[in-house]
Amino acid sequence: MTPFVKRTDVALGGARTLPGRYFSSPEIFAEEEERIFARRWLCVGRAAELEAAGEYLLQEVGPDSVIVLRDRAGAIRAFHNVCRHRGTRLCEAPRGRLGATIQCPYHGWTWSLDGRLVAAPSAETIENFEPGDWPLHPVASAAWEGFVFINLARDPEPFENAFAPVLTRFSRFRLPRLVPARRTTYDVACNWKLILQNYSECYHCPTVHPPLVKLSPPTSGENDLVSGPFLGGYMEIVEGCESLSLSGRAAGLPVGPLPPEDRHRVYYYSLFPNLLLSLHPDYVMYHAVWPEAPGRTRVVCEWLFAPETLGDARFSPDDAVEFWDQINRQDWHICERAQLGVQSRAYSPGPYSRREGLAAGVDREVLMALGRVAE
């Protein structure tokens, strides 16, 4: 594992925040959709949501809609939600369960769950028609630590290469076996990058999150990933508390066979561009970040616990869920105020402090993905 470094030892090189147009320009937003969200691996949820054959979910990525499903052989697959006949969207409900096939509601063209065309009414009237030439357009998919990812690129970087720095980093938390206790979707009136930047620093915690500071000092802990698409490290839980919850007590049984030091830490990682992973001794919280407009972002947050916790009367997942829902809403509110500020003609890029090294790292990754240098 990469050695940990003090949060105040991340080199900044005079880094400043991004110019205002990166948060409000429709042109830059469209460029991000094309060069980041259409080319990087995106987390769409948990594999357990697709337990049975035919279960599916729809994921909107910019102008595209993707069907993510489990086929009859048990494999997770993804396809563009587009009929090969005249382009009609095949599925409309955001999630559900298909039968043995996917049928277009317009003219009845039908595909198997592995994407093969199995029926096309009046196909005999189409010149030189070969069913094998008309499968659904596939989308690359991958499963990791119980999460499902898609990549819209025609020739994406293999998932194992892209995620090499974190492939086994969290195995001690036994993420695949964890089960959800609650899911909340937030509509946030700010640019998606402000959410990633905010998540990547606790410089703001004393003023924005007094309840969090009481349980976890903002200057505690160290980082181990300080550059590239994956950033993060840990912060300490104060002595006398067991986790981050309203009561300060554990909200569940340990999620895995954690070493002693991990029982007093919370790990925070941003997995660019859309997964934020918060690993506690007794639960895991994740955020999936979905840009919807230059100044609007949808954030899906879910809390995961060891399955034994949900049937144990000694614990209340709500103790953790309600704590973080409060913190989340504080974050979204301050990010919305930041969005209003960076749109002002008075705004100009300001200097990052050493306690914001990972936030500056988010900016570097964005600029690199867009083929630009710091401005």
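In this predicted model, three strands make up an open sheet, ordered β7-β8-β9, with antiparallel pairing. β7 (101–103) and β9 are the edge strands; each has a single partner strand, so one side of each is left without a neighbour in the sheet. On average, and with direction ignored, neighbouring strands here are turned by 35° against each other. The points below cover the sheet, the loop residue D114, the nonpolar cores, a covered helix and the cysteines.

**The sheet**

- Strands of a sheet pair through backbone hydrogen bonds, and the pairing can be parallel or antiparallel.
- Three bridges link β7 and β8, which run in the antiparallel sense.
- Within this pairing, Q103 has T110 of β8 as its bridge partner.

**D114, in the loop between β8 and β9**

- The loop that holds D114 connects β8 (110–112) with β9 (117–119).
- D114 has a relative accessibility of 29%, so D114 counts as partly exposed, since the partly exposed class runs from 20% to 50%.
- Two polar contacts start from the side chain of D114: one goes to the side chain of S112, at 2.2 Å, and one to the side chain of R116, at 3.0 Å.
- When neighbours within four places in sequence are left aside, D114 is in contact with D71, R77 and F79.
- A73 is 41 residues away from D114 along the chain, and the C-alpha atoms of the two are separated by 8.9 Å.

**Nonpolar cores**

- The largest nonpolar core consists of 65 residues, and V68, I150, L244, W303 and W324 have the most contacts inside it.
- Helix α7, spanning residues 317–342, gives the most to this core, contributing eight residues.
- Another core, of 29 residues, lies apart from the largest one; C43, F147, F159 and V166 are among its members.

**Helix α4**

- Helix α4 covers residues 192–199 and is mostly covered, with eight of its eight residues buried.
- The buried residues of α4 include the nonpolar names W192, L194, I195 and L196.
- K193, Q197, N198 and Y199 of α4 are buried as well.
- An α-helix has 3.6 residues a turn, so residues three or four places apart point the same way.

**Cysteines**

- A disulfide is a covalent bond between the sulfur atoms of two cysteines.
- The structure contains one disulfide, and this bond joins C202 to C205 with an S to S distance of 1.8 Å.
- The torsion about the S-S bond of C202 and C205 is about -105°, so this disulfide is left-handed.
- C202 is buried, with a relative accessible area of 10%, and C205 is buried too, with a relative accessible area of 2%.
- C301 is in no disulfide; its nearest cysteine sulfur belongs to C43 and is 12 Å away.
- C301 has 0% relative accessibility and therefore counts as buried.
- C335 is likewise in no disulfide, and the nearest cysteine sulfur, that of C190, is 4.7 Å away; a disulfide would require sulfur atoms within 2.5 Å.
- C335 is buried, with a relative accessible area of 3%.

Key:
Residues are numbered from 1 along each chain as its sequence is written. This is a predicted model: local features need pLDDT of at least 70, side-chain atom pairs count only at pLDDT 80 or more; totals for chains, interfaces and linings use all residues. Side-chain values use heavy atoms; hydrogens and water are left out. A nonpolar core is a set of buried Ala, Val, Leu, Ile, Met, Phe, Trp, Tyr and Cys residues joined through side-chain atoms within 4.5 Å. Buried means under 20% relative accessible area, exposed over 50%, partly exposed in between (1.4 Å probe, protein chains only). Helices (H or I, at least four residues) and strands (E, at least two) are DSSP runs, numbered from the N terminus. Contact means heavy atoms within 4.5 Å. A polar contact is a pair of N or O atoms within 3.5 Å; within protein, one must be able to donate a hydrogen and the other to accept it, and residues adjacent in sequence count only if both atoms are side-chain atoms. Two strands pair if DSSP finds at least two bridges between them. Axes are lines fitted to C-alpha atoms, for helices over the stretch in contact, and angles run from 0 to 180 degrees between N-to-C directions.
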